[in-house]
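Please find below my notes on this model, set out as numbered points. They take up the core, two buried polar residues, a strand pairing and a pocket.

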Amino acid sequence: MVGAPVFGGALANPALIVGLLVLGLAVVTVASSVTIVEAYDKEALTIFGKFQRLLDPGIHFVAPFVNRTYRFDMRTQTLDVPHQEAITRDNSPVTADAVVYIKVMDAEKAFLEVDDYKRAVSNLAQTTLRAVLGDMELDDTLSKRQQINSKIRTELDEPTDEWGIRVESVEVREVNPSKDVQQAMEEQTSAERRRRAMILEAQGERRSAIETAQGEKQSNIIRAQGAKQSQILEAQGDAVSTVLRAKAADSMGERAIIDKGMETLEGIGQGESNTFVLPQELTSLVSRYGRHLQGGDLKQNGNVLEGLEFDEETREMLGLDDIEEILAQFDETDIGGPESEQPEPDIRDAEEVVTDIEEEADD
């Protein structure tokens, strides 16, 4: 009850009402006439629907109530291209998606030349991606990713330049063939791996066989060389043995002749005749036997050749020492008859006989 007159008095005061209206209108006017642009943006200004200019970053005062601004982000922006189905040149279905990086270079063209430049670039990228995949074979779509990116970017450059947009990069994220194609590719990959494994195994066996053959070859060569050397040594041994046997036989033959000569000499000495005949061949046989045992019976002493003496073993073998005893027995034998009637025997001293035999042996 107390406040009613006051409120009624205020409403009854026209000056206050007009002041409040003017204040509110001033606030709205200022808010409509002041525009603040961010540092990474540009805004297109229109008045009464007509393009006026681009507003750079900062604060701007424009005509109130009749202006309108359109914001453009001048930074690099990312556009996702959704999955697209395409048929490759070899009639293989594939699906692919990509990412397009764009940047507004001319905000006025982006405002005046195209409606919603982001959607326009995205749709253009989708159609271009399908066209590029359709011009390639399946194996190329899976392996030549960089070539796909370059073709899509080239196709997008010309129309986007008219819109004031620059395509900075295009990246195809994945290209997937159909399930049937994937299964066939997996089987092909498995078969290729099995083929390579078989080739490697065959190469390993071939190399092993070569190494084994080379080892056997070297082993055979070594065995053949060993057998050859063994045969050579055996043949040399046989030859030496044959020579030794021949020399031994020769030596035994000479000894047999000498022994036979000694037996003959002994038989002559035991006869009743008072004449002792010493065969000349005996000295020759003794000299031959001496040369056989000594390997030579002469040696050079300056300009004089001296005979070699028989050693004890040789003298015993030849029976030279027995000759003296045989001759001594001849001296003691009774020849018969007076000495005057008997002819004088031609018997030499035993030492002279031995000396003569040795000289003959030396000759």
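1. The largest nonpolar core (buried Ala, Val, Leu, Ile, Met, Phe, Trp, Tyr and Cys residues joined through side-chain atoms within 4.5 Å) holds 34 residues, and those that touch the most other members are Val100, Ile102, Tyr117, Leu129, Ile148, Ile152 and Ile165. Two or more residues each are given to this core by β6 (77-87), β7 (93-104), α3 (107-112), α4 (117-134), α6 (145-162) and β8 (165-177), with α4 supplying the largest share, 7 residues. Helices (H or I, at least four residues) and strands (E, at least two) are DSSP runs, numbered from the N terminus. Buried here means under 20% relative accessible area, exposed over 50% and partly exposed in between, with a 1.4 Å probe and protein chains only.

2. The model is predicted, so that local features need pLDDT of at least 70 and side-chain atom pairs count only at pLDDT 80 or more, whereas totals for chains, interfaces and linings use all residues. Residues are numbered from 1 along each chain as its sequence is written, and side-chain values use heavy atoms, with hydrogens and water left out.

3. Glutamine 77, in strand β6, is buried at a relative accessible area of 7%. Beyond four places in sequence, glutamine 77 touches (heavy atoms within 4.5 Å) Val100, Tyr101, Ile102, Val104, Tyr117 and Lys118. Its C-alpha lies 8.3 Å from that of valine 100, 23 residues away in sequence. A polar atom of the glutamine 77 side chain is 3.1 Å from the backbone oxygen of aspartate 73.

4. Serine 33, which belongs to helix α2 (residues 14-33), is likewise buried, with 13% relative accessibility. A polar atom of its side chain lies 3.1 Å from the backbone oxygen of valine 30, and, with neighbours within four places in sequence set aside, serine 33 contacts His60, Phe61, Val62 and Pro64.

5. In strand β1 (residues 34-37) the side chains alternate, with Thr35 and Val37 buried on one face, while Val34 and Ile36 point to the other and are not buried. This strand pairs (at least two DSSP bridges) with β4 (residues 58-61) in the antiparallel sense over 4 bridges, and valine 37 has glycine 58 as its bridge partner in β4.

6. The second largest pocket contains about 150 Å³ of space. A pocket is an open set of points on a 1 Å grid over the protein atoms alone, where a 1.4 Å probe fits, with protein on both sides within 12 Å along at least five of seven lines; lining residues have an atom within 4 Å of a point. Its volume is the space filled by probe spheres set on the points, which are joined across faces, edges and corners. The lining consists of Asp139, Ala184, Met185, Gln188, Thr189 and Glu192, and helix α7 (residues 179-269) provides the largest share, 5 residues.

Conventions:
A polar contact is a pair of N or O atoms within 3.5 Å; within protein, one must be able to donate a hydrogen and the other to accept it, and residues adjacent in sequence count only if both atoms are side-chain atoms.
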